[in-house]
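Please consider the structure shown below. The paragraphs that follow lead through selected side chains and helices.

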Amino acid sequence: MLGRPEYRKTLVFCGLIGIPVALIAFWFLVALQELERLIWTDWPRDLGWKQAPWWWGFPLLLVSGVVVGLVVARLPGRGGHIPAGGLHSGGVTKDALPGVVIAALFSLPLGAVLGPEAPLIALGGSLALLFASLARAPQTETSTALLGAAGSAAAISALFGSPLVGAVLLMEVAGVGGPQLFAVMLPALLSSGIGDLVFTGFGRWTGLKTGSLDIGLPKAPLVDAGDVLWALLMAPAIALLIHWVFVGGRYAAGFVSSWTVRNTTLCALGAAGCIALYTVATGRSPSEVALSGQDTLARLAEDPHAWSAGALVAVLAFKALAYALCLGSLRGGPIFPALFLGGAAGALLAPLPGFGLVPAMAAGMAASVTSAMRLPVSSVVLVVLLLGNVDTVAVVVLAAVVSFVVTQLLPQGPRIPAFSERPAGRARRRESSRP
């Protein structure tokens, strides 16, 4: 393939397009972060509150529900893919780009329990196709697919800070290799995890060492038999939780599809109700249930003792319910809320005898994000790079594989309609015909 001139030209063009796409993705993420800080931290303090009051999410998510509902009903592309359907690498054209950006800007900073990864994938792919069109580059079916994937990978790498995550994630999302990919990769992933356990465990028992790629990074407490046992027990439970959250999201998507603007708004207000109940019940900040959970997860990892067991149970319950409502109604990605729920579950279960905080959170995040994305290899790579802790790799792999198998065996719930099943024009006529 490298010998074909058209492929080499496309490869060079993909590299060039990666520069503006990554820059735009960077500033898009900066805008989302600054808006989030302004709305949930600065404004409440400017108004004299220590933290946002319990009712803060209601007006914000009311606006979010109305605007996103109008985008879904009236603009091409419906603001991007429905998050309850998981991540997608295709299906969004350059005509859908305005709707994707508007829906993301009125979902994520206003309190939607979703992450920015799905809008970034759509943004990167759409921008790549737009730049190719402006440059009048020849576009074939193959080159269009390559450009879209390259743009999405450049954008998603800006989020995770690693080209490896972007490449592996897009490989699995796009289904390169077809169904054979999982058939080959899952046994390899499982055997590599068990092999790592055998080598590290046997090396500790005997005191002998073999050659390795260890370059002297700081060590966390070594994983022991208790960590492995508890991880294998908690992974199915977390997989069940996240799976049924997504089933709830699919039911919410079906509810929204009948009366788009009204029902999107009702789901958004339901999420605001979850945020308010958590704040009243615990006295903690409503932003811990609202938003993606990325910043809250970092604070939880730094000081887990600042959270009581009751607060962890409450945030798991209310954030999971708000997550399900947002998955079916608003626009964003499923990864970061799943990571937070898995990390919170790990922190809650870490006091179990023989269980450590680091392996507990690692296993929890691996199980939750695998159940959410159904992409075991990407989930392992993401969690390992996120933690920066090579000693928990085996626990991460085992939790991800168990979670993937459990999730695949469970009933999948209602089907989400494809984009082509209800075009924007039809939705627009339906909305305008109502009193």
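In this predicted model, Trp49 has a relative accessibility of 33% and therefore counts as partly exposed. Trp56, by contrast, is buried, because its relative accessible area is 7%, under the 20% that sets the limit for burial. Trp49 and Trp56 also form a ring pair: their centres lie 6.1 Å apart and their planes stand at 75°, so the arrangement is edge-to-face. An angle over 60 degrees is what places a pair in that class. Trp55 belongs to this group as well, since ring pairs join Trp49, Trp55 and Trp56 into a cluster.

The count of aromatic pairs in the model comes to 5. One of them is formed by Phe26 and Trp27, whose ring centres are 5.1 Å apart and whose planes meet at 80°, so this pair is likewise edge-to-face. The two partners fall into separate accessibility classes: Phe26 has a relative accessible area of 43% and is therefore partly exposed, whereas Trp27 reaches 55% and so counts as exposed. For Trp27 the relevant limit is 50%, over which a residue is classed as exposed.

Attention now turns to a pair of helices. Helix 11 spans residues 309–329 and helix 12 spans residues 335–349; their axes come within 10 Å and cross at roughly 155°. Helix 11 is therefore roughly antiparallel to helix 12, as angles over 145 degrees fall in that category. The crossing of helix 11 with helix 12 is left-handed.

Which residues make up the contact of helix 11 with helix 12? Helix 11 contributes Ala309, Leu312, Val313, Val315, Leu316, Lys319, Ala320 and Tyr323. From helix 12 come Pro337, Ala338, Phe340, Leu341, Ala344, Ala345, Ala347 and Leu348. Sorted by class, this contact comprises 15 nonpolar residues, no polar residues and 1 charged residue. The charged one is Lys319, in helix 11.

A last site lies in helix 15, which covers residues 393–409 and includes Thr407. Is Thr407 buried or exposed? Its relative accessibility is 0%, so Thr407 counts as buried. When neighbours within four places in sequence are set aside, the residues in contact with Thr407 are Ala239, His243, Ser371, Arg374 and Gln412.

Methods
Residues are numbered from 1 along each chain as its sequence is written. This is a predicted model: local features need pLDDT of at least 70, side-chain atom pairs count only at pLDDT 80 or more; totals for chains, interfaces and linings use all residues. Side-chain values use heavy atoms; hydrogens and water are left out. Axes are lines fitted to C-alpha atoms, for helices over the stretch in contact, and angles run from 0 to 180 degrees between N-to-C directions. Helices (H or I, at least four residues) and strands (E, at least two) are DSSP runs, numbered from the N terminus. Angles under 35 degrees count as roughly parallel, over 145 as roughly antiparallel, 65 to 115 as roughly perpendicular and the rest as oblique. A crossing is left-handed if the near helix is turned anticlockwise from the far one by less than a right angle, and right-handed if clockwise. Contact means heavy atoms within 4.5 Å. Rings of Phe, Tyr and Trp (its six-membered ring) pair if their centres lie within 6.5 Å; planes under 30 degrees apart count as stacked, over 60 as edge-to-face and the rest as tilted. Buried means under 20% relative accessible area, exposed over 50%, partly exposed in between (1.4 Å probe, protein chains only).
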